[in-house]
Amino acid sequence: MIRTLDLIFSFLGLVFLLPVMAIISILIMAFDGPAIFSQKRLGRNKRVFTLYKFRTMKLNTESKASHLVASSSITGIGKFLRKTKLDELPQLFNVLTGEMSLVGPRPNLESQKELINERDVKNVFNVRPGITGLAQINHIDMSNPKKLATTDSEMIANLTIRSYFYYILKTITGGGAGDAVK
């Protein structure tokens, strides 16, 4: 049932938000270069996939976990996109293709070994990663691997259609948070 909802909402989101995504792309390209950022992440069963986001950091920023990047690396428009979570919109393509869900644990980098180990213990890789979830609405980011894995595991164990909609609504209305930067 959740996969069906993911397909419907990601398709509708892409259709209706395409004009917004086009404007964001034009603004990023006009001031900062390429609009789309892609990065290899671990998905369900630790399969590597390419995650897409609007680029919010300067072009020369090293590809690593956000909480390890200096805040001076964020572009002017990037601050707005991260705060409003509009930088996540291209991930609707990841949801449509089945690499992600709208709700699930945030996908991590292959280099985040401590988080991978904690998630392995909690069986977090048994589900599709998501754009939002319990950790995001509680402002828990990847800088605390043990707490994040525990929160992800709790969300997975208790995920219902009602909580699915709750996490999405809470994120859209400003309750979620992305990974912090230094």
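**View 1. Lining of the second largest pocket in the predicted model.** Fourteen residues line this pocket, and those nearest its centre are Ile2, Ser101, Val103, Val127 and Arg128. Its volume is about 200 Å³. Three elements each give two or more residues to the lining, namely α1 (2-32), β3 (101-103) and α6 (145-158). Of the elements, α1 gives the most, with three residues. By class, the lining divides into seven nonpolar, three polar and four charged residues.

**View 2. The largest cavity and the residues around it.** The search of the whole structure finds one cavity of 30 Å³ or more. The largest cavity has a volume of about 50 Å³. Leu42 and Gly43 belong to its lining, as do Pro105, Arg106, Pro107 and Asn108. The lining is completed by Arg119, Val124, Phe125, Val127, Arg128 and Pro129. Seven of the lining residues are nonpolar, two are polar and three are charged. Val127 and Arg128 thus appear in this lining and also among the residues nearest the centre of the second largest pocket.

**View 3. Residues 7-31, the span annotated in UniProt as a transmembrane region.** The annotation comes from an unreviewed UniProt entry. In the predicted model, this span is 100% helix and 0% strand. The C-alpha atoms at the two ends of residues 7-31 lie 33 Å apart. The helix α1 (2-32), which also contributes to the lining of the second largest pocket, is the element to compare with View 1.

Terms used
Residues numbered from 1 in each chain as written. Predicted model: local features only at pLDDT ≥ 70, side-chain atom pairs only at ≥ 80, totals over all residues. Heavy atoms only, no water. 1 Å grid on protein atoms, 1.4 Å probe; cavity = no way out; pocket = protein on both sides within 12 Å on 5 of 7 lines; lining within 4 Å. Points joined across faces, edges and corners; volume = space filled by probe spheres on them. Nonpolar A, V, L, I, M, F, W, Y, C, P; charged D, E, K, R; others polar. UniProt positions renumbered as here; feature names shortened; annotations may be inferred. Helix = DSSP H or I, 4+ residues; strand = E, 2+ residues; numbered from the N terminus.
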